[in-house]
Amino acid sequence: MEILFYLLAIVAIASALGVVLSKNPVYSVLSLICTFFAIAAQYILLNAQFLAAVHIIVYAGAIMVLFLFVIMLLNLNILVETQRFTTARLTAAFTGGLLCLVLIAALRSAGDIKAANPANAKIGLIENLGMTLFNQYLLPFEVSSLLFLAAMVGAVVLAKKEIA
Amino acid sequence: MPSIQLQPDLNYIAVLLQIGIALAFVLFTYAVIAVAGPKLKGKNKDENFECGIEAQGNARVPYSIKYFLVAILFVLFDVEVIFLYPWAVNFKQLGWIGLVEMTLFVGFFLFGFYYIVHRGALKWE
Amino acid sequence: MVYCSPWLTEQSFFKEDFTPAHADKFLFNLAPGIAMFVALITGAAIPWGGTLHLFGTDYALQIADLNIGILYISGVVSIGVYGIMLGGWASNNKFALLGAIRASSQMISYEIGMGIAIIAIVMMSGSLSLDEIVRQQAGFHWNIFYQPIGFLIFITCAFAECNRTPFDLPECEQELVGGYHTEYSSMKLGFFMFSEYVNMFISSALMASLYFGGYNMPFIDQLGLPQNVLTLLGTAFLFAKIFFFIFFFMWIRWTIPRFRYDQLMHLGWKVLMPLAIVNMLLTGGAILLKNGL
């Protein structure tokens with residue numbers, strides 16, 4: 001199982017690099033889907049089956065479809081100038097470095113990461129997750145529906161120009 | 001790396017096996033068609049099909065934004081359906097309170113959906 | 001409508017494997033592979049029969065009894081849309097692109113109604129494992145008697161997901177030549193056709209398992225047959241149900257004319273989706289009233 005973990009980790013990192021490095025945006029989307037699958041497989045290794053399914057259905061099956069639609073809508077196949085200004089690149093590298101620093105600091109201060117409790121290995125199953133979500137975290141769940149409402153209104157406003 | 005207790009469901013090994021077989025079949029077929037069929041090349045033959053007339057420009061033309069709207073709606077409702085699954089599995093334990101909770105949640109969704117329909121955003125000519 | 005006879009006609013190993021000059025070669029080749037691959041792995045979570053007792057060991061006639069079987073299938077199905085989208089886009093053909101966008105919009109639109117229709121079944125069974133759902137329908141407690149509206153929604157969505165008539169607009173030849181696979185030939189076209197037929201088979205199996213008791217058949221367990229014979233008979237019965245649905249697919253194809261695209265979107269979003277939600281909430285109320293909670 002350890003070998004599987006490392007294998008999946010390598011696949012995830014390699015395809016994540018593919019997202020950044022490929023010039024064609026469609027290939028970027030495909031690499032991202034590959035990353036999602038590797039991460040979903042990691043969830044299955046941890047017995048978080050529902051999370052794995054959600055990851056595939058929502059991220060790989062829905063959001064990436066939306067991304068592809070947008071890429072096709074914007075007609076991005078004619079390669080726009082990939083050489084951006086050097087100042088933009090420098091800023092990107094600087095912010096990325098800052099983020100990296102914060103992550104390293106957070107990981108260091110976290111101390112030893114404890115092994116997952118074997119008695120809790122069934123926590124990722126859908127039954128337990130549902131009970132927790134609909135009892136303990138009920139308010140955030142209901143509030144999230146407002147977020148969806150806002151997203152719908154936003155989508156209509158975006159599309160309104162053509163409809164009007 | 002910290003030692004994490006990996007306890008996967010062994011049924012997924014069988015899924016992995018099925019994935020392997022499917023992948024092998026697809027790759028095998030690709031290998032066969034690469035060698036079996038004839039290969040003929042020609043400038044006109046390799047052109048894209050456009051009812052026999054000269055192809056006009058690039059095919060990747062922008063299209064109606066309504067498809068984009070459908071895709072956004074799909075993402076939102078897909079997330080809604082995902083929320084429904086853990087609720088449905090525990091439905092009998094959650095009882096009437098659970099039903100009221102979910103009716104509220106779905107009600108918000110349908111309200112937003114009504115707004116979209118009302119604005120005519122889903123109207124196709 | 002494309003005539004599928006994979007060994008003799010258009011889609012054969014020995015036809016030329018044509019790639020258009022302006023196509024994205026890699027994606028053009030990848031797309032039919034994705035469609036075929038996805039169609040082939042859906043069947044893993046479907047219970048094809050009960051348990052066989054051979055040489056002192058029990059063998060379940062199911063590849064993987066997943067705790068989240070239904071989610072596995074809907075996850076795999078939601079990936080299937082990439083084969084069509086990438087195929088149409090990579091071809092660099094206007095008909096193919098429009099066909100691909102239409103097909104993928106149609107598929108994602110009907111996925112929602114299908115998902116909510118399944119939720120009503122999950123509420124009744126309290127499990128996402130397909131084997132568990134089938135076992136709960138033992139006797140003659142088939143879900144179709146409790147979920148007739150849900151079944152109607154499900155079968156309509158299944159037709160749309162498989163791009164079958166009356167929902168075969170993505171490849172309607174009067175408007176779009178061949179749809180998303182206009183530029184394909186050889187076994188790559190065969191892959192698209194094959195995957196469509198495999199999907200039809202799998203959705204028939206799903207309908208049989210979710211609504212028609214799967215490998216259960218009424219009153220057979222009262223005959224006192226040995227368990228292995230019962231299991232084999234059950235599998236035979238499941239396949240009979242599947243072939244009935246496939247026949248139904250074919251029958252509808254020659255009976256009902258094609259929808260217009262606006263009618264299709266109207267049906268998916270404004271009729272089936274709200275209807276499925278109402279059906280789900282009513283099912284919830286009925287279950288709670290019956291249990292006297």
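Where is the place of C:Ala240? Select that residue and look: C:Ala240 sits in helix α8 of chain C, which covers residues 227-255. Keep in mind as you click around that this is a predicted model.

**Stop 1: around C:Ala240**

Is C:Ala240 buried or exposed? Count C-beta neighbours inside 10 Å and you get 11, so C:Ala240 counts as exposed; the cut-off for exposed is 12 or fewer. Now add C:Met114 to your selection. The two residues are 126 positions apart in sequence, and their C-alpha atoms are 24 Å apart in space.

**Stop 2: all of chain C**

Zoom out and colour chain C by secondary structure. You should find nine helices and two strands. Walking from the N terminus, you pass them in the order α-β-β-α-α-α-α-α-α-α-α. Chain C has 293 residues, and 58% of them count as buried. Take the contacts in chain C with a separation of 6 or more: 81% of them come from residues 24 or more positions apart.

**Stop 3: over to chain B**

Now show chain B on its own. How many helices does chain B have? Three, along with zero strands, so to speak a plain α-α-α when read along the sequence. Buried residues make up 32% of its 125 residues.

**Stop 4: where α2 of chain B meets α3 of chain C**

Bring chain C back and select residues 65-89 of chain B (helix α2) together with residues 94-125 of chain C (helix α3). Their axes come within 9 Å and cross at roughly 15 degrees. Angles under 35 degrees count as roughly parallel, so α2(B) is roughly parallel to α3(C). The crossing is left-handed.

Turn on side chains to see who takes part. From α2(B), the residues in the contact include B:Phe74, B:Phe77, B:Tyr85 and B:Asp78. From α3(C), they include C:Ile101, C:Ile108, C:Ile112 and C:Met123. Sorted by class, this contact has 17 nonpolar residues, three polar ones and one charged.

**Stop 5: where α3 of chain B meets α9 of chain C**

Stay with these two chains, but switch to helix α3 of chain B (residues 91-118) and helix α9 of chain C (residues 261-291). Here the axes come within 10 Å and cross at roughly 160 degrees. That angle makes α3(B) roughly antiparallel to α9(C). The crossing of this pair is left-handed.

Which residues of α3(B) meet α9(C)? Among them are B:Phe91, B:Trp96, B:Leu99 and B:Val106. On the α9(C) side, look for C:Pro274, C:Ile277, C:Leu281 and C:Asn291, among others. The tally for this contact is 11 nonpolar, five polar and two charged residues.

**Stop 6: chain A and its helix pair**

Hide everything but chain A. It has six helices and zero strands, and the pattern along the sequence is α-α-α-α-α-α. Of its 164 residues, 25% count as buried. For contacts in chain A between residues at least 6 apart in sequence, 55% join residues at least 24 apart.

Now pick α2 (25-45) and α3 (49-73) of chain A. Their axes come within 8 Å and cross at roughly 175 degrees, which means that α2(A) runs roughly antiparallel to α3(A). Residues such as A:Phe36, A:Phe37 and A:Tyr43 are among those that α2(A) brings to the contact, while α3(A) brings residues including A:His55, A:Tyr59 and A:Phe67. The contact counts 20 nonpolar, two polar and no charged residues.

**Stop 7: the loop at A:Asn47**

Select A:Asn47, which lies in the loop between those two helices, α2 and α3 of chain A. What is its phi? About 65 degrees, a positive value, although A:Asn47 is not a glycine. Most residues other than glycine have a negative phi. A:Asn47 has 22 C-beta neighbours inside 10 Å, so it counts as buried.

**Stop 8: one side of a helix**

Finish at helix α5 of chain A, residues 126-135. Which residues are buried in this helix? Highlight A:Ile126, A:Leu129, A:Gly130 and A:Phe134. They cover an arc of only 115 degrees around the axis, so they are on the same side of α5(A). An α-helix has 3.6 residues a turn, so residues three or four places apart point the same way.

Conventions. Residues numbered from 1 in each chain as written. Chains lettered and ligands numbered in written order. Predicted model: local features only at pLDDT ≥ 70, side-chain atom pairs only at ≥ 80, totals over all residues. Axes fitted to C-alpha atoms, helices over the stretch in contact; angles between N-to-C directions. Helix = DSSP H or I, 4+ residues; strand = E, 2+ residues; numbered from the N terminus. Parallel < 35°, antiparallel > 145°, perpendicular 65-115°, else oblique. Left-handed = near helix turned anticlockwise from the far one by under 90°. Contact = placed C-beta atoms within 7 Å. Nonpolar A, V, L, I, M, F, W, Y, C, P; charged D, E, K, R; others polar. Buried ≥ 20, exposed ≤ 12 C-beta atoms within 10 Å, placed from the backbone. Arc of directions from axis to C-beta.
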